[in-house]
Amino acid sequence: MIKKIALLEGDGIGPEVTAQAVKVLKTLADKFGHEFHFEKALIGAAAIDVMGSALPKETIDLCMQSDAVFFGAVGDPKYDNDPNAKVRPEQGILGIRKSLQLFANIRPVITYETLHHLSPLKSKQLEGVDIVILRELTGGIYFGKKQTSADGHSASDECSYNRMEIERIAKLAFAHAQQRKNKLTLVDKANVLDTSRLWRKVVQEMAVNFTDVTVDYMFVDNAAMQLIINPSQFDVILTENMFGDIISDEASVLSGSLGMLPSASIGDTAALFEPIHGSYPQAAGKDIANPTGSILSAAMMLDYFELHKEAASIREAVEWAIKNNYVTKDIDSVNFYSTTQMGDIICDYISGNISNARTTRDELQKPTII
Ligand code: IPM
Ligand code: MG
């Protein structure tokens with residue numbers, strides 16, 4: 001299979017983590033006889049510095065001409081505390097979601113037994129946690145009318161949804177539930193918001209056509225609590241843009257590290273793959289970031305290309321690495337591997353060169369008390 005992939009590394013640790021995923025994809029291409037052609041373009045603060053815009057037209061054009069977009073992260077602290085900044089790195093990712101109409105953000109949350117101790121939750125609560133969050137990504141308060149009064153003393157952000165926007169992602173969520181444990185939870189705030197009442201109405205109507213799926217409805221404040229006290233009750237969570245942003249960060253705590261989680265953003269004609277973590281500027285250039293979220297995003301991209309065997313081999317390699325304590329500093333601050341080594345180990349496993357990886361681990365093993 002030949003695929004053209006737009007590579008948007010972005011800011012902070014973006015270039016480092018995507019480099020590992022690209023390495024893994026190249027290893028798979030060699031093993032399975034595929035050709036993946038990567039073409040880079042600027043986005044985020046990196047693009048602002050060079051072109052004055054977080055999302056240059058060249059970048060959108062490249063994405064539109066590619067089979068998929070592989071994305072790192074955007075964000076730079078120099079813009080975070082400046083409410084008057086006219087251009088912001090985040091405009092890059094928001095703009096690309098809108099231009100490519102990537103309306104569904106899919107965020108799987110799984111836990112690894114060997115990482116249970118990293119979560120603030122008790123190991124028992126984490127057993128059997130396997131959730132997928134479907135977050136609406138191109139509507140709601142993120143893209144509604146924004147206004148700040150001339151005197152700067154008041155501001156508003158409008159939240160609006162229409163039936164079509166809800167139906168297209170709900171359809172995908174029902175399909176996911178049918179492939180999984182046949183359970184769908186709509187998370188909303190229907191006791192307060194008109195938009196949430198519309199979501200509930202549309203999903204209730206659609207549920208009649210998916211009788212094999214059990215649908216329940218949960219207010220977002222309760223869902224935030226339930227995710228912590230009883231996370232294994234969830235299978236597929238469907239929610240709007242802003243609620244999805246918040247509860248997906250919350251859910252990432254279940255997996256032990258934000259660095260572990262991948263995501264896919266899907267539209268009718270385009271798709272983008274990115275880890276859920278941000279640009280983590282404090283770690284940039286240090287070769288310490290966890291590339292697993294990016295590598296697992298590559299697996300989601302392969303599934304999108306219908307290369308399921310190849311995707312499964314990435315997941316198997318990641319599971320093997322974690323089980324055998326091949327981990328980065330966020331997971332084990334004493335015995336850890338660098339970002340690059342972590343990528344190498346996964347590639348070694350995929351190409352059947354495991355014993356080489358094992359030796360590296362032994363060399364690195366340090367006593368915890370010196
Ligand atoms: C995410 C991020 C983005 C969002 C930011 C970077 C604009 O938090 O992908 O979850 O809010 O959607
Ligand atoms: Mg977020």
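In this predicted model, an oxygen atom of ligand 1 lies 2.6 Å from an N or O atom in the side chain of Tyr142. The protein covers 76% of the 320 Å² of accessible area that ligand 1 has on its own. Two arginines can be placed beside that tyrosine in the description of the site: an N or O atom in the side chain of Arg135 is 2.8 Å from an oxygen atom of ligand 1, and a polar side-chain atom of Arg107 is found 3.0 Å from an oxygen atom of the ligand.

The surroundings of ligand 1 consist of Glu90, Arg97, Arg107, Arg135, Tyr142 and Asp245, and by residue class this shell divides into 1 nonpolar, no polar and 5 charged residues. Seen at the level of domains, the shell takes at least three residues from domain 1 (1-108 + 256-370) and at least three from domain 2 (120-145 + 157-255).

From the ligand we can turn to the strands at the start of the chain, where strand E1 (residues 2-10) runs parallel to strand E2 (residues 35-40) and is joined to it by 6 bridges. Within this pairing, Lys3 has Phe36 as its bridge partner in E2, while Ile5 stands opposite Phe38, again in E2. Helix H1 (residues 14-32) belongs to the same part of the description, since E1, H1 and E2 together make a β-α-β unit that is right-handed.

Strand E1 also pairs with strand E3 (residues 68-73), in the parallel sense and over 5 bridges, and here the bridge partner of Ala6 in E3 is Val69. For reading side-chain directions along such elements, it helps to recall that in a regular strand the side chains alternate between the two faces of the sheet.

Note on methods
Residues numbered from 1 in each chain as written. Chains lettered and ligands numbered in written order. Predicted model: local features only at pLDDT ≥ 70, side-chain atom pairs only at ≥ 80, totals over all residues. Heavy atoms only, no water. Near = heavy atom within 4 Å. Polar contact = N/O pair within 3.5 Å; in protein donor to acceptor, adjacent residues only side chain to side chain. Areas by Shrake-Rupley, 256 points an atom, 1.4 Å probe, with all protein chains shown as cover. Nonpolar A, V, L, I, M, F, W, Y, C, P; charged D, E, K, R; others polar. Domains from an automatic or database assignment. Pairing = 2+ DSSP bridges. Helix = DSSP H or I, 4+ residues; strand = E, 2+ residues; numbered from the N terminus. Right-handed = clockwise from strand over helix to strand, strands pointing away.
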